[in-house]
Every structure is written in C-alpha cells, then in structure tokens.
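Work through the exercises below with the sequence and the model open beside you, and attempt each task before reading its solution.

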Amino acid sequence: MWGLTNAIVEVHTDEGITGIGEVPGSPLISLVRDALEATIPWVVGEDPRRIKQFLQRAADRGWHHYPYLGNGATAAIEMALWDICGKAYGCPVHQFFGGLDTDHVPFYWFIGVDDRTPETARAQAAEGAARGFKSVYIKIGFDLHNDLALARAIRDEVPDDVAVRVDANEAWSVFEAVDALQRYEDVGVEFVEQPIDMHNISGLADLRAKSRVRIGANQSAWLPTQVPEVIARRAADVIVTDPHQLGGLVPFHNAATMCQTAGIPICKHAFADLGITTIATCHVLGTLPSPQLGHQQFLTFLVHDLLAQKVEFVDGAIAVPTGPGLGIELDYDALEFYKSIYEQYGEFEGYGPVTPESPLPRDLPVPNR
C-alpha cells in the first residue's frame, strides 16, 4: 500500500498549552472527521485534566451506540488531553499510569511478502532479525498450503529466540480453523491471531480447547466490554487490542490490568498508527510488567511518522520518552506537505495496491527526511 489517511488532533487551552492526538481514517476519513467534530462539544470549555469525566461524557452522549467509530475519535482527543496534563505538570504521561517498569517497549517486525514466496519471506524475516526484533509477524488466511510454507520458512530462517506470529484476520470458518490450527502445531508459532469471525467468541473458546496452538483475540477484544468476556470464556491466550478500539489510553490501561490479573499477556494492536499513537501507547505499555510480547507497529512501513524527531527502533524496541506530556512534537512542515498530497489525491485506499498511477514514496520530496 502506498498511503494511509489519518487525522491529527490538536487541543488548545486558554493557558497556552497544546496537546496532540491521532486517529486512523477507518472506515472513511470523512466519517472520522465527522466523529471528531461531534465529540468536540464534550471537551470545549471543560478542565482538560478531568479526563475520565470527558470519557464518560463521550460514552453517555451517543458513542455507546456507535463505539466502533466513536471510540477512535474519543481516543484521539483523550491522547491530546494526556499530553496537556503532562505538559501542565511537567512530567511524562507514563507517570499518570504508575511510572515505568521498562524504559524500552518491544515491537514486532512485519513481513509483508507481497509475492507470497518462501524466498521473499526468508529475506524479510532475516532483515527483521538482523535489526534486533524478537518477534516477526505475517498475515495468513489466503491459501493454507502456501501460508504454512511461508511460516515454516520464516521459522527456519530466524533464531530460536525470535517468535513467529501469524494473523489470519478472521479468514476461516470454525470448521476450517480446526484443521488449520492442527497443521500449525508443528510450525512453532507464538500464536495465531483472530482465526475466525470476531463475533464468535464461543467458537474461539472451542478452538482453544481443541488446539495446542495459542490463540490471540484482536477483533473479538475490540470493545471494553468484550475484553472481560473473552477472558471469562477462556477464549484466548493473548489479548490484542489498542486505544482506538477501546476508546482511549485509560480503557487500554484498564484492559491491561484485567489481563495481568488473569495472567494473560496483552499486545498493542496497530491500527495504521503514525508516530503519535505509537508513542502515546508506549507511555502505558512501559508501565506494564516485563517481559512483554512484541507489540504491533506500522512505523517500519512509513516514509514519515509526522514527528519532528523520528521514532527509532533499537533492537526492536522503542524508548519511552521522558519529556513532559507525550514527549514528542509534530513536524508541521511534513504535516502541511501531506495535507497537500491528500488535497491532490484524496483519501488513500488503505490496502490498495501500488500501481503506475500511485505517487510512489520514492517520487515524493519528503520534508526533513
């Protein structure tokens, strides 16, 4: 894919402090912008430090009917409010969530393997391992025979201490998943993410009981009410979710606390994140007990993360900022540049192929990079 279309949020205070947030343009950027506009009245004129009260107003005044869209808008504004709080009190956001347990948060390496060949999978997996990532990740759910060949090639290529994760994205029926999971037992994968339809939590529980392969729930753990349901039904070995799905850093931290109590790891899901969301979530992830599984990210795809100081991976991990607020600043030149790209080309098709008509990244004079 050659582009993402996300919305950047700024919240300004009467004391001159500005906070920043971000929301992915899913399912359509026009709907996301409308959701942000609808959420604005629930924060304007209020004390930006009263974040839980804002979340309650957002939930009470309509988004409980439309959470899949509303939670993203709420989360974007809530990120900005946490940024304001940290800047106002002169401390990083992670202090509000209990302080750091680790100052470096681990992430995975995404194996795109567009041609779906073992040779490409091996080469891309080797690159991730060489860069120090301890988890590598590939999408499956296309052709079972070929998917297995790719997973085996990756597992054979990377060292034993590098986890191999696969994500079926709801591709299988329960009937198909029983067979598929059995076939993955001898591959040695870390876990299979969301093998069946997101609404079939009972089916996930049944699969988990039948298979020795661990299961991760992503779409099935989308909403705050679904996380405890998945845990209670013993439907997953891992919870994969994020602030935009749940509706903010507070509910994301709440979900992590539930997982910790149940003895289940939580992984941050990447919903086409730019730098703001990735770093904002690191402020919560850094407070969780270590070791952690590798979290999802999009930054290794991006030409620009829209931050003044580019986020860098060190041995597959990101350092949690220690400056006030989120500890990051926007690159406004880049923001204006990509705004012009949006105005010229419109909304990018998030999973659309690169074509001769696409303005390829190598053809774009990217500012400051």
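**Exercise 1: cysteines**

The structure, which is a predicted model, holds zero disulfides. Explain why Cys85 has no bond to its closest cysteine sulfur, and state whether Cys85 is buried or exposed.

Solution. Begin with the distance: a disulfide requires two cysteine sulfur atoms within 2.5 Å. The closest cysteine sulfur to that of Cys85 belongs to Cys91 and lies 8.6 Å away, which is too far for a bond. Next take the accessibility, for which the buried class is set at under 20%; Cys85, at 3% relative accessibility, therefore counts as buried. The steps can be repeated for Cys259, which is in no disulfide and has its nearest cysteine sulfur, that of Cys267, 9.6 Å away. With a relative accessibility of 1%, Cys259 also counts as buried.

**Exercise 2: the sheet**

Give the order of the seven strands in the open sheet, and identify the strands at its edges.

Solution. The order is E4-E5-E6-E7-E8-E9-E10, with parallel pairing. Strand E4 (109-111) and strand E10 (266-268) each have a single partner strand, so one side of each lacks a neighbour in the sheet. Within the sheet, strand E6 (residues 163-167) pairs with strand E7 (residues 192-193) over two bridges, and Val166 has Val192 in E7 as its bridge partner.

**Exercise 3: a pocket**

Describe the lining of the second largest pocket.

Solution. The pocket holds about 360 Å³ of space. Its lining comprises 20 residues, with Ala59, Asn71, Pro224, Leu246 and Gly247 nearest the centre. Helix H2 (51-63), helix H3 (67-89) and helix H10 (249-262) are the elements that each give two or more residues to this lining. By class, the lining residues divide into 13 nonpolar, seven polar and no charged.

Notes. Residues are numbered from 1 along each chain as its sequence is written. This is a predicted model: local features need pLDDT of at least 70, side-chain atom pairs count only at pLDDT 80 or more; totals for chains, interfaces and linings use all residues. Side-chain values use heavy atoms; hydrogens and water are left out. On a 1 Å grid over the protein atoms alone, a cavity is a set of points where a 1.4 Å probe fits but cannot get out, and a pocket is an open set with protein on both sides within 12 Å along at least five of seven lines; lining residues have an atom within 4 Å of a point. Grid points are joined across faces, edges and corners, and a volume is the space filled by probe spheres set on the points. Helices (H or I, at least four residues) and strands (E, at least two) are DSSP runs, numbered from the N terminus. Ala, Val, Leu, Ile, Met, Phe, Trp, Tyr, Cys and Pro count as nonpolar, Asp, Glu, Lys and Arg as charged, and the others, Gly among them, as polar. Buried means under 20% relative accessible area, exposed over 50%, partly exposed in between (1.4 Å probe, protein chains only). Two strands pair if DSSP finds at least two bridges between them.
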